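The paragraphs below lead through one structure, beginning with a single side chain and moving outward to its surroundings. Please keep the sequence and the coordinates at hand while reading.

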Amino acid sequence: MNCPWVQERLLLYLAGELNVKETARVVTHLARCEACSTLLEETSESRDMLRDAVRTTVQPPASLDARILECVQALPQRRFPWPVQNALWSGKRVLTLFACAVLLLLLGYQGGRLSQHSPADTTQAMASTPMLDLIALAQAHKTWNGQGTTQNVDRIGVAARLSHETGLRVPPLEMQESALQLKAGEVLQMNRVPVATRHYDWKGTPVTLAQADGMRLAPPSSLREMRDHGRCFLVQRSGDLTLVLWCEGTDSFVLVARLPPPQLFALACQVCAKLLAG
């Protein structure tokens, strides 16, 4: 997820109009992006200032809704598809559009018919979501590593079993070109949430890949950030292990191995690209 994606949805986020999955992604991004958090504060302040400036007790005419709709329909067709391309979107455009939207809402709906739940309530609810237990993932990797290597297994069968037991869409990932070979698969329970865990051999080094529902287990946001082609990865050291975390859709993935961070990060980029390719 990148900043433009979040900035395009700040207005809906403040209005409480995003669905649960989009709200979770926005909250997770805001927790680790100072630029977007600052823009959110500025947008919220502008909303409050505008609301105070145009506050009125005058009742709007019953025909106002229809008149507004007619004006919108009479506008010329946009030259660009919605959502707007990232290069055309900026913080100033967000504030300008936001000011116009709030003004119409205040005049037409006496302050707007916003959701009963405020963004603060939503943020608090998301903050109560349990985090992915990276220590437990590291321990699971060490336990499997201590059992010794096994023969190659049926990757399609393992993926089907893990998908059935976790309710996730677990792809049958194996990368022969990168010498990443599946050895075993298991399901871990974290706060009663199933996590699909697969163990691999990568050029003689044991590697564990975990997949969890990001809506039920929130990814930690206090890790070191690394980027590759615009994608965000989080990196953490746990003893002699390295953990690399990233999100794809609503799922979170964690790669664990006894490798230097740059080396495991490079492998994570390859795995991510393989998952995107299907």
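Which backbone oxygen lies 2.8 Å from a polar atom of the side chain of Tyr200? It is the backbone oxygen of Leu173, and the pair falls under the definition of a polar contact, namely N or O atoms within 3.5 Å of which, within protein, one must be able to donate a hydrogen and the other to accept it, residues adjacent in sequence counting only if both atoms are side-chain atoms. The model is predicted, and local features need pLDDT of at least 70, side-chain atom pairs pLDDT 80 or more, whereas totals for chains, interfaces and linings use all residues. Residues are numbered from 1 along each chain as its sequence is written, and side-chain values use heavy atoms, with hydrogens and water left out.

Tyr200 belongs to strand 2, residues 193-202, where strands (E, at least two residues) and helices (H or I, at least four) are DSSP runs numbered from the N terminus. With a relative accessible area of 1%, Tyr200 is buried; that word stands for under 20%, exposed for over 50% and partly exposed for the range in between, with a 1.4 Å probe and protein chains only. Not counting residues up to four places away in sequence, Tyr200 touches, among others, Trp144, Leu173, Leu182 and Leu209, a contact being heavy atoms within 4.5 Å.

Leu209 leads on to the interior, since under the same exclusion of residues up to four places away in sequence, its contacts include Tyr200, Trp246, Phe253, Leu255 and Val271. The largest nonpolar core, a set of buried Ala, Val, Leu, Ile, Met, Phe, Trp, Tyr and Cys residues joined through side-chain atoms within 4.5 Å, has 29 residues, and Leu209, Phe233, Trp246, Leu255 and Val271 have the most contacts inside it. Among the elements that each supply at least two residues of this core are helix 9 (155-166), strand 1 (180-190) and strand 3 (205-213), while helix 10 gives the largest share, eight residues. Apart from this core lies another, of 20 residues, including Leu134, Met190, Val195 and Val256.

Aromatic rings form a further theme. Three aromatic pairs are found in the whole structure, with rings of Phe, Tyr and Trp (its six-membered ring) pairing if their centres lie within 6.5 Å, and with planes under 30 degrees apart counted as stacked, over 60 as edge-to-face and the rest as tilted. Phe233 and Trp246 have ring centres 5.7 Å apart and planes at 50°, so their pair is tilted; it links strand 5 (residues 231-238) with strand 6 (residues 241-248), the two residues being 13 apart along the chain. Trp246 also pairs with Phe253, in a stacked arrangement with 5.7 Å from centre to centre and 15° between the planes. Ring pairs thereby link Phe233, Trp246, Phe253 and Phe265 into a cluster.
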